[in-house]
Amino acid sequence: MSFDPSHSHDLRDIVNPLLAEFSHPTLRKNLVELGAIRHAVLLDQVLHIELTLPFAWPQGSQALQAWASPLLCEATGATAVDWHLDYAIATLQRVKKLPGCRGVKNIIAVSSGKGGVGKSSTALNVALALATPGVKVGVLDADIYGPSIPQMLGTAEQRPSSPDGKHMAPILSYGLATNSIGYLVTDDNAMIWRGPMASKALLQLLNETLWPDLDYLVVDMPPGTGDIQLTLAQNIPVTGAVVVTTPQDVALLDARKGVVMFNKVDVPVLGIVENMSIHICQHCGHQEAIFGEAGAQTLSDDYGVPVLGKVPLHRRLREDLDAGIPTVVRDPEGEFSDIYREIAENIATQLYWQGEIIPEDIAIRTL
Ligand SMILES: Nc1ncnc2c1ncn2[C@@H]1O[C@H](COP(=O)(O)OP(=O)(O)OP(=O)(O)O)[C@@H](O)[C@H]1O
């Protein structure tokens, strides 16, 4: 019998083995083993391929298309490949098998051992990078000591409405559903909250926000490893945590405490983001490791957690946040956005591979 690529069986025999050959640092199983290939059909010499992924994969999918398109054309006689990528994001087991927050599949806690290392900037740009078309993302700013997300989104003057007098509608910004402790209290007020009060308020903020269906909720945690952080890490139904640090020794010592804290309460540490990794001069592009080198790698080696990415120190990143237009929104094709997309993809895939998938109905909890 002769081969006929317009025949779906014959076509699958070409497409599946070829796509199974695609390797990428974020894949621990190939695309066939992952069950990602939904459909392939050759119409008018155009090969249409449908893929469904269980994790946000903004850069891997680009790499796949660049690698596979010419090979598929050659193997099938198609003149072009039309890729349809969609997502059915998996819900992963949460810390202590806690029931989920209504509407939210996966919660990612972004923390730092100490303040000022760029935790909020990282949390926000990573959330925006996770929100690739087809993936729904929210941000909860739980940083009681300096709730900066509203400023960074340019929404500081807004206040969440309450359609039923009990719950809050999140503020929608750049495609993210967001809420912040900053909308509800003044800075002076929040700073003097004691541990139990602060943890209770933050848990309420999480549970009383009317989140739309979200694949990922990124929680910008208060910096440090004290009682508030410990209580939150134990009581928020977190799927995994990310620790942000600078390469500086002192921040790394604090970052160590962060990793240890999450280990103690059995929250999987997905990895470390090194922020302000090298300084890039905005005039001449000269690069300098002003906070030292290889710090995050040492931490990673010591605790067996990956470095998810390194963000340089660059004036532009701060200016964009000050202007309320984060870099991933202002310059989506730029090199910094690529870095944040890589980090987002590493987080999403790490979350998937380390976790146990749970059926979706368990994720629904009524308030
Ligand atoms: N990679 C970077 N390049 C340039 N500026 C940065 C970078 N990362 C953060 N910043 C700037 O540093 C300041 C502190 O960042 P950010 O608020 O994200 O830190 P934080 O760790 O969340 O602080 P806090 O603990 O006070 O909440 C902000 O002005 C931010 O714009």
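Gly116 sits in the loop between β4 and α3. In this predicted model, Gly116 counts as exposed, because 12 C-beta neighbours lie inside 10 Å and the cut-off for exposed is 12 or fewer. UniProt, in an unreviewed entry, places a "binding site" at Gly113, Lys114, Gly115, Gly116, Val117, Gly118, Lys119 and Ser120.

**From loop to helix**

Ser120 belongs to that annotated stretch too, according to the UniProt record. Its place is in helix α3. Is Ser120 buried or exposed? Ser120 is buried, because 26 other C-beta atoms lie within 10 Å and the cut-off for buried is 20 or more. Leaving aside neighbours within four places in sequence, Ser120 is in contact with Asp143, Ser148, Ile149, Met152 and Asp220.

**The ligand shell**

Which residues come nearest to the ligand? Of the 20 residues around the ligand, these are Gly115, Gly118, Lys119, Ser120 and Ser121. Four elements give two or more residues to the shell: α3 (119-130), β10 (269-280), β12 (307-313) and α10 (315-322). By class, the shell has 7 nonpolar, 10 polar and 3 charged residues. Gly115, Gly118, Lys119 and Ser120 are also named in the UniProt "binding site" record.

**Two residues with positive phi**

Most residues other than glycine have a negative phi. Gln45 has a positive phi of about 65° although it is not a glycine. Lys96 likewise has a positive phi, of about 50°, and is not a glycine either. The table sets out both residues.

| Residue | Phi | Loop between | C-beta neighbours inside 10 Å |
|---|---|---|---|
| Gln45 | about 65° | β1 (37-43) and β2 (46-53) | 12 |
| Lys96 | about 50° | β3 (80-87) and β4 (104-111) | 12 |

Gln45 counts as exposed, because it has 12 C-beta neighbours inside 10 Å. Lys96 counts as exposed, because it has 12 C-beta neighbours inside 10 Å.

**Two domains**

How is the protein divided? There is a domain 1 (8-87) and a domain 2 (95-363). The C-alpha centres of domain 1 and domain 2 lie 32 Å apart. Across the boundary, 11 residues of domain 1 are in contact with 15 residues of domain 2. On the domain 1 side that touches domain 2, α2 (58-76) and β3 each supply at least two residues. The largest share of that side, 3 residues, comes from α2. By class, the residues of this side divide into 6 nonpolar, 3 polar and 2 charged.

**Confidence**

The protein averages a pLDDT of 89, and 90% of the residues score at least 70. Where is confidence lowest, and where highest? The lowest mean, 61, is in helix α5 (residues 187-191). The highest, 98, is in helix α11 (residues 327-330). Over residues 361-367 the pLDDT is below 50. Beyond near neighbours in sequence, that stretch has 11 contacts in the model. For the model overall, ipTM is 0.97 and pTM is 0.92.

Technical notes. Residues numbered from 1 in each chain as written. Predicted model: local features only at pLDDT ≥ 70, side-chain atom pairs only at ≥ 80, totals over all residues. Near = placed C-beta within 6 Å. Nonpolar A, V, L, I, M, F, W, Y, C, P; charged D, E, K, R; others polar. Domains from an automatic or database assignment. Contact = placed C-beta atoms within 7 Å. pLDDT = per-residue confidence, 0-100. UniProt positions renumbered as here; feature names shortened; annotations may be inferred.
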